[in-house]
Amino acid sequence: MWYNIYVFLGFYAIENRKGGEGMKLNFIGADHEVTGSCHYLEACGKNILVDYGMQQGVDVFENVDLPVSASMIDYVLLTHAHVDHSGMLPLLYANGFRGQIFATTATVDLCSIMLRDCAHIQQAECEWKNRKNKRSSNTELVEPAYTMEDADGTIKLLVPVRYGDTIELCDGIKIRFTDIGHLLGSASIEIWVSEEGIDKKIVFSGDIGNKNQPLIKDPIATAEADYVVMESTYGDRLHSKERVDYVKELASVLETTFEKKGNVVIPSFAVGRTQEILYFIRQIKEDKLVRNYPDFPVYVDSPLAVEATGIFQKNIADCFDEEAMEIVRRGINPITFRGLNLAITSDESKMINFDDTPKVIISASGMCEAGRIRHHLKHNLWREECTILFVGYQAVGTLGRMLVDGAEEVKLFGETINVRATIKTLAGLSGHADKNGLIEWLSKFERKPDKVFIVHGEDSVTESFAACLRDEYDYDTYAPYSGSVYDLANNCIDYDAVPVPIAPKKKAQKASDVFARLLAAGQHLLAVIRRNEGGANKDLARFADQITSLADKWDRGDD
């Protein structure tokens, strides 16, 4: 009931504006959450979406619906191809959208494969669930959010744009895409709006890239804006100050694991991270850094990753950094090498785990939530000679995050698997700028924007990062919840939405399930303790006292 009232109030605010009518920014998704990015801009009589992404991991808050029907959306501006920014576009199409989707050339190329892959995964999972329901006499049919036909229809609406070109979207609105260094084709988007004598410029940061990433260029600064909509994924953490030698670190993991006759399984995002890992492995092989196993085989087990690698090669001139281009000028493909095997069919995928040769297995998805990686985890997690190497961000609630936090057992395909493999993270390897990188990008604006909207971060992170920018750097910040509306013409909040937590599903829990939760909480606490190693003695002592006090309170031992 309260959620319905909340939505009604949001629509009431939208329909009852005052002054500068039409120049409004509505916050829909990835507000106090990391994924599901979506912003709605109404200006010059047009309805515009910036991103329309898929929710991944734990969904904490309710998101409001779009304030207009899908058929009334005129344009979508897409910052990059990752599914938490693009993955719901086919649903928009299924609901009647037939406008244009503007994105960089490389993003268009990537979306042409990624959206089809999303549709395929959804249809396959629904077929599996329906077969399972049928076996248990459950007549309920599960339907995918959208079909392959919807994905194909969406792809036809994509309009490629070159970095740096200023495009007149319609009368009164211009746009420009700038390389933001997060992923091949990723961009921040500048939008100039001129309506009824009022001129405003809004910049959507997209996901701001980490500096010194392999293959792709560093983020490019933007000079000016009245408003900035800024991501905060790593707004509470810092990467290592020292530049990590990823090649050396990865080579060490490979050599240690191969000495034990084990496999190195790398859950990796098919687009971006997989190509970076291939870049490192090519150098490892070239420099013979794994001495006893110089010809180790590498399997990329993801049709999407294979296709994405081809798109990386297609966009070398526009997107590769100078270091990668120097390798290209030497006549070397920087992301391929001897011993690289590409698994396309399911039979090729299955055969990988029937080969006892120590190997590298790179497979999607990067957070272990779907795809072939789950099969490889099933075959390798229980083997103490193997290593599971994480190379990207793991959202709260995902299987990847559970493993990184120290889970001792997990469920895969209905089977409990003991975690005996070594779980490692390639420290510092991230496509996201850290807190300092975010601040550095914002500081490049020649004057402070009138307002900086903090989005695309975990609940506590958006608040802490907004407070940091406000208190330490004198920025006017606002971390909106889904449903909030901002009046851009008058620089004021039109409607300040309140958070609506998603109600937990009511389900009776067995005592064993509750105790399992308690064990998981303990493992999480231990992971937090490890991450605080090297902290100030005063803080560590206070932390220890708090834990001891809690333990004493719940101690069930006999006196």
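Q: Which strands does helix H4 lie across, and at what angle does H4 run to S5?
A: This is a predicted model. In it, helix H4, residues 105–135, lies across S5 and S6 and runs at about 115° to S5.

Q: What strand order does the open sheet have?
A: Read the order from one edge to the other. Here eight strands go S6-S5-S4-S3-S2-S1-S22-S23, with mixed pairing. Strand S6 (158–161) and strand S23 (492–495) stand at the edges with a single partner strand each, so one side of each has no neighbour in the sheet. On average, neighbouring strands of this sheet are turned by 25° against each other, direction ignored.

Q: In which sense do S2 and S3 pair, parallel or antiparallel?
A: Antiparallel: strand S2 (residues 38–43) pairs with S3 over six bridges, and tyrosine 40 stands opposite leucine 49 in S3. The two strands make a hairpin with two residues between them, and cysteine 44 in that turn has a positive phi of about 55°.

Q: And in which sense do S3 and S4 pair?
A: That pairing is parallel, over three bridges, with isoleucine 48 opposite tyrosine 75 in S4. S4 (residues 75–77) also pairs in the parallel sense with S5 (residues 100–104), over three bridges; there, leucine 77 has phenylalanine 102 as its bridge partner.

Q: How many residues of strand S3 are buried?
A: Buried means under 20% relative accessible area. Six of the seven residues of S3 (residues 46–52) are buried, so the strand is largely enclosed by the rest of the structure.

Q: Which residues form a nonpolar patch on the surface?
A: Val58, Val60 and Val396, sharing about 200 Å² of accessible area together. Valine 396 sits in the loop between strand S16 (387–390) and helix H13 (399–404), and is partly exposed at 37% relative accessible area.

Key: Residues numbered from 1 in each chain as written. Predicted model: local features only at pLDDT ≥ 70, side-chain atom pairs only at ≥ 80, totals over all residues. Heavy atoms only, no water. Patch = residues over 30% accessible without salt bridge, like charges linked within 9 Å, V, L, I, M, F, W, Y side chains within 5 Å. Areas by Shrake-Rupley, 256 points an atom, 1.4 Å probe, with all protein chains shown as cover. Salt bridge = Lys/Arg side-chain N within 4 Å of Asp/Glu carboxyl O. Helix = DSSP H or I, 4+ residues; strand = E, 2+ residues; numbered from the N terminus. Buried < 20%, exposed > 50% of the residue type's maximum accessible area, 1.4 Å probe, protein only. Pairing = 2+ DSSP bridges. Axes fitted to C-alpha atoms, helices over the stretch in contact; angles between N-to-C directions. Contact = heavy atoms within 4.5 Å.
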